[in-house]
2 protein chains.
Amino acid sequence: MIEGLALANDGRVYKLDGKPALIRKDIPDGKVALLIGGGSGHEPLFHGFVGKNMGDGAACGNVFAAPSPDVIAAAAKAVHRGKGVLFLYGNYAGDNMNFDMAVELLEDDGIEVRTVRVCDDVAAAPPERMHDRRGIAGDIYMIKVAGGAASELDTLDEVERVARKAQGWVRSMGVAVSAGSIPETGKLTFELGDDEIEVGMGAHGEAGIARQKLKSADAIADELMDKILADLPFARGDEVALMINNLGATTMMEMLIVNRRIRAILEREGISVHRTDVGTWLTVQEMAGFSVTLMKLDDELKHYLDMPAESLGYSRM
Amino acid sequence: MIEGLALANDGRVYKLDGKPALIRKDIPDGKVALLIGGGSGHEPLFHGFVGKNMGDGAACGNVFAAPSPDVIAAAAKAVHRGKGVLFLYGNYAGDNMNFDMAVELLEDDGIEVRTVRVCDDVAAAPPERMHDRRGIAGDIYMIKVAGGAASELDTLDEVERVARKAQGWVRSMGVAVSAGSIPETGKLTFELGDDEIEVGMGAHGEAGIARQKLKSADAIADELMDKILADLPFARGDEVALMINNLGATTMMEMLIVNRRIRAILEREGISVHRTDVGTWLTVQEMAGFSVTLMKLDDELKHYLDMPAESLGYSRM
């Protein structure tokens, strides 16, 4: 898969020699570097987001497993251009441990690293324990903002500051209609009846906050938006980016119907949408379901979010 | 769905009053217009491809049904800027009939229309009856090329010429691992055993050329590429664009593994890849499976294919 992924980048990205990591070919000298990464099985996240104004490199783990510290450290060295490296990844115990070990390895080489973990899943922990939350589709907006900032800003301090602002302002929640499978075994990540949905499940099939009977797209949108809006909380007059992410096997038709309802809710609440993304970015193999992400924006975040970007999994004019 | 789709375009596209059609807001005066369209249920195709350097408008039918002639004619009038309109759509009996009836309606208004039908599915008919073939994922490259040409070229003649070149040089073939369903009834579009695949099936589940036992991604890639390469035929020294399109519920991991094999085949055959697209553009609801598209390129087609583009379903820097 990694070989196929490197080839699909048409020469703009290469696979690190002997390691499952993808590195952008034309990283400018003197640029603050952005390294992303995590387990495989969620394609195009993370390793499909390497490119101009996106990640400079990605460290890949096995399916649903963190990349190893030596892969992360090697990828960090490959993207480093003298200005330090920002590590951006989802908040999971395995990733935290391995990326932190890589930070220690890199200290010996005098490479400065800062870490920002995506923790956007409002279903994973109460607001007062936000930093215990899992990272889900908020990853993509975080990569987009941090990728833009790392292309334009001069110091690791400044790039970290922008990424932390985005981290504080992004909220997501998902719903699963059917489970995905583990490629090695073919087993489903959880069991769900034909007439059931799991609200708030994690990106690997971690238990959500409620198992419910199947209901309409509008009713599901209402439930997700209630939780997301109350969490930051988003307020009248706020401007947001809105992402509806396909977890694998959901039809775009369903996601567009959900979008219609979400827009009605946001209009009622006096929250305006600066940009919308509806598509497939963080998957859980063939899981059917979707997540909704809202990121509150100011002029700075809007600027970085709106920059052109080029990668296999996410490109914008 | 159409309302959710219009909203997802963040003000760049509007829904035609009282009709299921989406129109780009900022169509420049004096531009040759490109109208695309077809049945719903294949999102983001077609109506997700309206935008800069893509379609100027899209006429939408019901699920798996052609748009009606009055919708097509109304959409054509809405995109027309005095230089005529190119109709670009997939070659299906219902679409052909309804788009042709719209051409007659538009003649009464003095609007010149040319028609280019996508007929890229090599499994649908032998090469000598190429114009009887169905249009599948070749649609996307055709829209990209015609959209670029319609932005830059001055006359409908010239835009038609470029679109016909692309039509002649694009070939696709698909494989289904499981069927999609019809939203109104929940019924599957065809029956397929758990251990079976259907090679060459159409975009609505039309029968393919062979029902086979499940086999490896590499073996499936070999079979598709044998048929596609022999059809044009593609020859040593050719340069191509390569699209691997997710029909709905296939994992990107599988498509990247397929990409690895396809690149080995193309290298063996002395065919170079100018650009690669791996993602979800023409779906059949939640069908699991994928298609492979190759388009032969010259400098002119490369130029239009590589132009930046902006639409909900396909954007490039």
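**Exercise 1. Salt bridges across the interface**

Task: In this predicted model, determine how many salt bridges the rule finds across the interface of chain A and chain B, and examine the pair formed by A:Arg263 and B:Asp10.

Solution: Begin with the count, which comes to four salt bridges across the interface of chain A and chain B. Next, take the pair of A:Arg263 and B:Asp10, whose closest N and O atoms are 3.5 Å apart. The criterion requires a side-chain nitrogen of Lys or Arg within 4 Å of a carboxyl oxygen of Asp or Glu, and the pair of A:Arg263 and B:Asp10 is accordingly listed as a salt bridge. Alongside the salt bridges, eight residue pairs, both members at pLDDT 80 or more, are in polar contact between chain A and chain B.

**Exercise 2. Composition and extent of the interface**

Task: Establish which elements of chain A give two or more residues to the side that touches chain B, and how that side divides into nonpolar, polar and charged residues.

Solution: The elements that meet the condition are α1 (2–8), α7 (252–268) and β11 (272–279) of chain A. Of the side of chain A that touches chain B, α7(A) supplies the largest share, namely seven residues. Sorted by residue class, that side of chain A holds 18 nonpolar, eleven polar and ten charged residues. Turning to both partners, the contact takes 39 residues from chain A and 39 residues from chain B. The size of an interface is often expressed as the accessible area that is lost when the parts come together. Here the area buried between chain A and chain B is about 3200 Å², with carbon and sulfur atoms giving 68% of it.

**Exercise 3. A parallel strand pair and its crossover**

Task: Describe how β5 and β6 of chain A are joined, and state the handedness of the β-α-β unit to which they belong.

Solution: Strand β5 (residues 85–90) and strand β6 (residues 113–118) of chain A run parallel and are joined by six bridges. Within this pairing, A:Gly90 stands opposite A:Val118 in β6(A). Adding helix α3 (residues 93–107) of chain A, one obtains, together with β5(A) and β6(A), a β-α-β unit that is right-handed.

**Exercise 4. A salt bridge between two helices**

Task: Explain what the salt bridge between A:Arg161 and A:Glu300 ties together.

Solution: Over all chains, the rule counts 68 salt bridges. In one of them the side chains of A:Arg161 and A:Glu300 meet, at 2.7 Å from N to O. Because A:Arg161 lies in helix α5 (residues 156–169) and A:Glu300 in helix α8 (residues 299–305) of chain A, the pair ties together parts that are 139 residues apart in sequence.

**Exercise 5. Backbone exceptions**

Task: Locate the loops that hold A:Pro44, B:Pro233, A:Asp10 and A:Phe64, and describe the backbone there.

Solution: As background, most residues other than glycine have a negative phi, and most peptide bonds are trans. The bond from A:Glu43 to A:Pro44 is cis, with omega near 10°, and A:Pro44 is placed in the loop between β3 (33–40) and β4 (57–63) of chain A. In chain B, the bond from B:Leu232 to B:Pro233 is also cis, with omega near -10°, while B:Pro233 belongs to the loop between α6 (217–231) and β10 (239–246) of chain B. A:Asp10, although not a glycine, has a positive phi of about 50°, and its loop runs between α1 and β1 (13–15) of chain A. A:Phe64 likewise has a positive phi, of about 55°, in the loop between β4 and α2 (69–79) of chain A.

Technical notes. Residues are numbered from 1 along each chain as its sequence is written. Chains are lettered from A and ligands numbered from 1 in the order in which they are written. This is a predicted model: local features need pLDDT of at least 70, side-chain atom pairs count only at pLDDT 80 or more; totals for chains, interfaces and linings use all residues. Side-chain values use heavy atoms; hydrogens and water are left out. Contact means heavy atoms within 4.5 Å. Buried area is the accessible area (1.4 Å probe) that two parts lose on being put together, summed over both. A polar contact is a pair of N or O atoms within 3.5 Å; within protein, one must be able to donate a hydrogen and the other to accept it, and residues adjacent in sequence count only if both atoms are side-chain atoms. Helices (H or I, at least four residues) and strands (E, at least two) are DSSP runs, numbered from the N terminus. Ala, Val, Leu, Ile, Met, Phe, Trp, Tyr, Cys and Pro count as nonpolar, Asp, Glu, Lys and Arg as charged, and the others, Gly among them, as polar. Two strands pair if DSSP finds at least two bridges between them. A crossover is right-handed if, with the strands pointing away from the viewer, the path from the first strand over the helix to the second runs clockwise.
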